[in-house]
Amino acid sequence: MRCYIEIRKMASGVRIALIMAMMLCMTGPAGAKIDATKWTHFTIADPLPGPAWGVGGIPLADFDGDGDADISLSRREAKAAYWFQRVNDSTWVRHTIATGEVFNTQLGSTAVDCDLDGLMDIVYSLVWFKNPGNLAAEPGAPWQAHKYAGKGHDILSGDVNGDGHLDVLVYDGKTASWFDPAHGMKQTVIGGADENHGGTAPNGIGDLDGDGDNDVVIPGYWFANPGKGDGTWQRHAWPHKPIKNASYGTSMRCWVADINRDGQNDIVYSDCDTGHSHVYWVENAGKGAEWTRHQLDDPPTAPGDVPGTGSFHSLGVADFDRDGDPDIFAGEQEDPDTYMEAQGKLAMKPRGLKERGVIWENSGSKIPSFSPVVIHIDNPGWHDAVLADVDGDGDTDIITKIWNKDGDTYHADYWRNEND
């Protein structure tokens, strides 16, 4: 059985399994089903500092070396970034990383050991912050800022050059680049295409052509790694389907994973940053040369609720029910952004729609089908959620935050998976 768990080094030498891909190492009984009622909601922070929109992040790593996963996020109006120390499932303690004008424009972020000292640092657009290394004793210790050239909507991590260290990928909507921590965050341009709003995060990296190195995906194209990330990345097409009159132009969340377990990585993507979004898996039928796009059923509308879909800005793949096959998660944003209608574009969601967190359960068949299971309706919404075994019980949990509230406050939330 393949194991798709990514292991990241922590300061204490402890290795935490941060499940940033399919968790197929632990399986439950045959015929296991995802139960929408078996999710327990915990509040990480409510309210977050500042009453205005803009919550960047959300990296998840063991920042203080105590063996469990912490999170980080930033706030535009507060002009600050924070890390939240996990004490237990219901108690998360906020500490300030840094303050300054640099946080006015942040959105994407990831956790990477940028100076290879064994500690997880935090990477934003144009700046990364060095873990001070003494957070267990002094959780309020300041993080030193370092500039680098990466600027963009999407910031993610992956091993591009095969040296065993996580690198940083940045997609600015026009061009994708990677940055090498082993060489002072040296920039290498991967390639680009027509301008998009976003489209590589949270996991648009993986081996698509079967040659053993990681390739990179943007809307409509994937770039073949020339080997160790150096040289010319050849651009290839894949059948992305754009949305007409999208709120902010073409944008998607992306995840590379072997959905049908045929030994070839596929592309899972969700439309985002616009209403009328959908979720797809795009089947790799020929080492990146042949593709078949499969649209997943939209989530059902509860009686009395507004039909349609909003922006699926959260996306992830994991074996949520531990039955041995990968399921797909997506969540809609709270953001209404109805002002876009005056510009002849779609609002971020139909007026009155209650945002949903949805898991599409994999049938496990040779040609898999997916059944949508709504695990939550209405606030809290979902923006750039991360997947991880937060409580260490062997299944995949969900941590999320929002971007632009349609409730009373800005908040970050944790959903504990109780599916056995």
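Guide: Welcome! Lys and Arg count here as positive and Asp and Glu as negative, with His and the chain ends not counted, and a charge is placed at NZ of Lys, CZ of Arg, CG of Asp or CD of Glu. This is a predicted model, in which local features need pLDDT of at least 70 and side-chain atom pairs count only at pLDDT 80 or more, while totals for chains, interfaces and linings use all residues. Residues are numbered from 1 along each chain as its sequence is written, and side-chain values use heavy atoms, with hydrogens and water left out.

Visitor: How far apart do the centres of the positive and negative side chains lie in the protein chain?
Guide: The protein chain carries 34 positive side chains and 64 negative ones. Each set has its own centre, and the separation between those two centres is 4 Å.

Visitor: How many helices and strands does the protein chain have, and what is its radius of gyration?
Guide: Helices (H or I, at least four residues) and strands (E, at least two) are DSSP runs, numbered from the N terminus. By that count, the protein chain has zero helices and 31 strands. It is as compact as a globular protein of 420 residues, because the globule rule gives 22 Å and the radius of gyration is close to that, at 20 Å. The radius is taken over C-alpha atoms, and the rule is 2.2 Å times the number of residues to the power 0.38; so the answers are zero helices, 31 strands and 20 Å.

Visitor: What share of the residues in the protein chain is buried?
Guide: Buried means under 20% relative accessible area, exposed over 50%, and partly exposed in between (1.4 Å probe, protein chains only). Of the 420 residues in the protein chain, the buried share is 59%.

Visitor: What share of the accessible surface belongs to carbon and sulfur atoms?
Guide: Accessible areas come from the Shrake-Rupley method with a 1.4 Å probe, and for residues only the protein chains shown count as cover. The surface of the protein chain totals about 15,500 Å², and the share from carbon and sulfur atoms is 48%.

Visitor: Which residue forms a side-chain polar contact with Asn161?
Guide: Asn161 sits in the loop between strand S12 (154–158) and strand S13 (167–171), and it is buried, with a relative accessible area of 14%. Beyond its neighbours within four places in sequence, its contacts (heavy atoms within 4.5 Å) are Asp167, Trp178, Asp180, Lys228 and Gly229. A polar contact is a pair of N or O atoms within 3.5 Å; within protein, one must be able to donate a hydrogen and the other to accept it, and residues adjacent in sequence count only if both atoms are side-chain atoms. At 3.4 Å, the side-chain partner of Asn161 is Asp180.

Visitor: Is Lys228, one of the contacts of Asn161, buried or exposed?
Guide: Lys228 belongs to the loop between strand S19 (221–224) and strand S20 (234–237). Its phi is near 60 degrees, a positive value in a residue other than glycine. Most residues other than glycine have a negative phi. With a relative accessibility of 61%, Lys228 is exposed.

Visitor: Is Asp384 buried or exposed?
Guide: Asp384 is found in strand S29 and is not a glycine, yet has a positive phi of about 55 degrees. Its relative accessibility is 12%, so Asp384 counts as buried.

Visitor: Which residue is joined to Ala201 by a cis peptide bond?
Guide: Most peptide bonds are trans. At this bond, though, omega is about 0 degrees. The partner of Ala201 lies in strand S16 (residues 202–203); it is Pro202.

Visitor: Where does Pro380 lie?
Guide: A cis peptide bond, with omega about 0 degrees, joins Asn379 to Pro380. Pro380 is in the loop between strand S28 (370–377) and strand S29 (383–388).

Visitor: What is the relative accessibility of Cys254?
Guide: Cys254 is part of strand S21 (residues 252–257). Its contacts, leaving aside neighbours within four places in sequence, include Ala201, Pro202 and Leu315. Cys254 counts as buried because its relative accessibility is 0%.

Visitor: How far is Thr301 from Arg356, C-alpha to C-alpha?
Guide: Thr301 is in the loop between strand S24 (291–295) and strand S25 (314–318), and is partly exposed at 38% relative accessible area. Arg356 is among its contacts. The two residues are 55 apart along the chain, and their C-alpha atoms are separated by 9.7 Å.
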